[in-house]
Amino acid sequence: MKNIKVPALARVEGEGGLYIGLKNGKAVEIRLDIYEPPRFFEGFLKDRYLQEVPDITARICGICPVAYQMSAVYALENALGVKISPQVRALRRLMYCGEYIESHALHIYMLQAPDLLGKESVLEVAAEAPDVVKTALRLKKIGNELLKAIGGRSVHPVNVCVGGFYSWPDARVIKALLPDMEWGLNAAIDTVKLALTLPYPDLEIDYEFVALHHPDEYGVIEGDVLSSNGRKLSISEYENGYIEEHVRHSNALHSRTVDNNTYLVGPLARLNLNHEQLMPRAKKALQEFGIRLPIKNPYKSLIARSIELVNFYEEAIRLIKEYKPGGPAHLDLKLIAGEGSGATEAPRGLLYHRYKIDARGMVQFAKITPPTAQNLPRIEADLFKLTPKIVSLPEAEATLIAEHLVRSYDPCISCATHFLKLKIAEK
Amino acid sequence: MTTKKPTVAVYKFSSCDGCQLSILNMEDDLLDLADAIDIAYFLEATRAQKPGPYDIAIVEGSITTPHEIERIKEVRATAKTVVALGTCATAGGIQALRNFANAEEFARVVYGHPEYLHYLETATPLSEHIPVDLELWGCPVNKAQVIEVIVALLNNRLPNLPPYSVCLECKRRGTICVLVDKGIPCIGPATQAGCGAICPTIGRGCYGCFGPARDVNPGAMATMLRQLERYPGETARLFRGISGYAPTFRTIVDDILPANEEAQ
């Protein structure tokens with residue numbers, strides 16, 4: 001008889017529980033119970049004006065608001081048939097760098113690393129290794145400072161609009177971030193070194209990886225939806241390949257491919273599919289430290305995040321050096337009725353939006369598929385694989401390894417409700 | 001100091017985690033804060049949980065499910081001081097947009113099987129369910145204000161929070177009025193300061209994240225804004241947004257909407 005109950009899973013964004021039902025030491029039922037309350041964002045968006053959309057969708061997630069703004073503005077620009085200027089595109093990528101830096105530094109050091117170090121929180125880590133935690137906080141702060149410089153504030157920034165930005169950020173303020181960014185790039189490389197020394201639990205999964213792929217850059221804001229199974233769809237064809245459905249135990253919707261397969265989005269998918277497009281220093285780090293791809297261990301997504309941390313610091317430095325505001329910060333929009341989809345890579349994975357608008361620019365229909373909704377069936381499947389390895393362990397240890405698996409996904413439960421209490425019960 | 005450090009519990013209700021994140025985002029002060037207080041419960045930051053009662057409960061999010069009504073009462077029963085953190089906790093936040101529509105209809109739009117869901121028809125502030133000792137507005141809250149509130153509570157004084165509107169922050173920053181100069185609809189004159197007037201500074205109108213300011217002249221504001229609308233119903237939508245369920249903003253919208261028209 002084995003009964004493990006943790007009232008609520010910690011160090012994840014949002015709320016949920018995990019149930020593992022055992023029979024003769026084998027998992028017979030696994031459910032991620034999302035008890036994060038249902039939030040009706042697609043409903044709120046109906047009959048709102050298109051320029052209100054990025055301000056509303058930002059509120060889906062306090063950790064990755066930029067992703068929710070970016071997928072929205074691309075979808076709405078597609079609905080209107082307009083294309084932003086190269087300068088605006090560069091600033092969007094720079095802003096996204098800020099969100100990746102902030103979100104990845106938070107997840108690597110504050111949410112996942114404590115599991116690998118046998119600690120309850122980053123504060124416990126700080127008691128033993130204050131310098132590591134100070135480095136982590138500074139790494140994260142620099143991302144937030146970049147977001148603030150572009151968006152006015154780091155959580156729910158206010159500068160993103162359909163067609164571009166309300167105004168160009170001051171070049172002096174942006175350029176002043178360079179010394180911190182240079183420090184951050186080195187600290188990010190040290191983060192990769194540290195990531196490679198951590199004791200990850202064994203688990204290899206044959207995933208179908210899905211990520212945006214762009215031939216000329218590390219896929220974040222445009223490109224095709226590429227699967228490791230070879231399926232390649234344009235963003236507007238996304239729904240032909242990937243289906244979202246509502247399951248009973250969850251306030252989040254669950255996704256699968258049209259071939260009825262679970263799939264993985266997020267840092268492992270991106271790195272495994274897009275490593276050729278990494279920035280030079282990040283690519284060099286892969287070789288220098290002997291990191292072999294594909295990585296198929298979900299716990300090691302921390303390593304993928306650390307490589308991405310290098311990549312986005314590096315790209316931020318390039319974009320800051322090149323930053324030269326010119327031309328209008330946003331397009332003058334001519335409103336027409338239309339429908340458009342948009343997808344960008346949130347730090348935790350592919351985020352798809354589709355909108356229908358009427359001739360007055362009012363939203364008539366909205367569909368949002370967050371990364372965690374796509375990963376939930378995959379997390380459940382991983383737990384099935386993991387359970388036989390942990391059933392003979394002491395309860396507390398087994399619980400921690402299962403929780404750690406869920407945390408390694410960096411799940412955004414608030415986002416997906418539209419997440420975790422662990423309970424392993426013998427049936 | 002030999003006395004015991006005050007125990008602090010941080011809770012999440014219906015929300016995006018952004019206000020809790022502003023605690024984790026106090027990068028320069030987080031370790032000092034952890035020295036000054038005993039973080040007894042903070043799920044987003046730590047697995048460790050100490051049993052209550054607690055000196056301070058900081059609560060993010062609005063009340064949107066029957067279970068949350070029970071939970072918030074338990075929070076109240078175990079904490080000496082309850083702080084409502086952010087506009088979801090003080091006014092229902094963006095979730096309160098359901099209060100102006102039919103939540104059942106939203107559930108059908110978003111979810112394939114609404115019968116699997118448990119939710120309330122309304123999203124409401126904490127104060128509709130329990131006595132709240134201190135409200136800190138913002139979507140998200142300003143982290144400097146969060147520090148001010150914690151320091152004030154530790155020193156047994158009232159926090160020093162601005163009683164004026166966003167307008168004064170524009171004046172201080174030297175930001176030219178977007179409403180007067182550019183004719184851009186802005187509800188800064190009716191909105192509490194706290195954000196630093198970030199929207200007018202980048203050339204757009206305030207959309208009310210920090211809730212209603214004191215002594216607003218709603219009639220005058222609505223009359224002016226309605227002459228500047230860039231799309232039908234903009235004035236009503238500006239007020240019926242992030243802080244739309246706050247009583248002052250609700251009244252403004254009720255006054256300007258003809259009985260047969262709905263902003264939502």
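This is a short chat about a predicted model, covering a sheet and a helix pair in chain A and the two domains of chain B.

Reader: Hey, can we start with the sheet in chain A? What order do the strands come in?

Author: The order is 11-12-13, with three strands making an open sheet, and the pairing is antiparallel.

Reader: Okay, and which ones are the edge strands?

Author: Strand 11 (338-346) and strand 13 (363-369) of chain A, since each of them pairs on one side only.

Reader: How much are neighbouring strands turned against each other?

Author: On average by 15°, ignoring direction.

Reader: How many bridges are there between strand 12 and strand 13 of chain A?

Author: Six bridges, and strand 12 there covers residues 349-357. To pick out one of the pairs, A:Tyr352 has A:Thr369 of strand 13 as its bridge partner.

Reader: Cool. Which helix packs on that sheet?

Author: Helix 3 of chain A, residues 65-80. Helix 3 touches strand 11 and strand 12 of chain A, and its direction makes about 150° with that of strand 11.

Reader: Switching topic: what's the angle between helix 4 and helix 12 of chain A?

Author: About 150°, and their axes are 8 Å apart. Angles over 145 degrees count as roughly antiparallel, so helix 4 of chain A is roughly antiparallel to helix 12 of chain A.

Reader: Is the crossing left-handed or right-handed?

Author: Left-handed, for helix 4 and helix 12 of chain A.

Reader: Which residues make that contact?

Author: From helix 4 of chain A, they include A:Ala90, A:Leu94, A:Cys97, A:Ile101 and A:His104. From helix 12 of chain A, A:Leu309, A:Phe312, A:Tyr313 and A:Glu315 are among them.

Reader: And how do they split by class?

Author: The contact between helix 4 and helix 12 of chain A has 14 nonpolar, four polar and five charged residues.

Reader: Now chain B. Where are its domains?

Author: The domain assignment puts domain 1 at 7-154 and domain 2 at 166-263. The centres of those two domains of chain B, taken over C-alpha atoms, are separated by 25 Å.

Reader: How many residues of the two domains are in contact?

Author: In chain B, 15 residues of domain 1 contact 13 residues of domain 2.

Reader: What gives the largest share on the domain 1 side?

Author: Helix 4 of chain B, residues 87-91, which supplies three residues of the side that touches domain 2.

Reader: Last one: what classes are the residues on that side?

Author: On the side of domain 1 of chain B that touches domain 2, seven are nonpolar, eight are polar and none are charged.

Notes
Residues are numbered from 1 along each chain as its sequence is written. Chains are lettered from A and ligands numbered from 1 in the order in which they are written. This is a predicted model: local features need pLDDT of at least 70, side-chain atom pairs count only at pLDDT 80 or more; totals for chains, interfaces and linings use all residues. Domain bounds come from an automatic or database domain assignment. Two residues are in contact if their C-beta atoms, placed from the backbone, lie within 7 Å. Helices (H or I, at least four residues) and strands (E, at least two) are DSSP runs, numbered from the N terminus. Ala, Val, Leu, Ile, Met, Phe, Trp, Tyr, Cys and Pro count as nonpolar, Asp, Glu, Lys and Arg as charged, and the others, Gly among them, as polar. Two strands pair if DSSP finds at least two bridges between them. Axes are lines fitted to C-alpha atoms, for helices over the stretch in contact, and angles run from 0 to 180 degrees between N-to-C directions. Angles under 35 degrees count as roughly parallel, over 145 as roughly antiparallel, 65 to 115 as roughly perpendicular and the rest as oblique. A crossing is left-handed if the near helix is turned anticlockwise from the far one by less than a right angle, and right-handed if clockwise.
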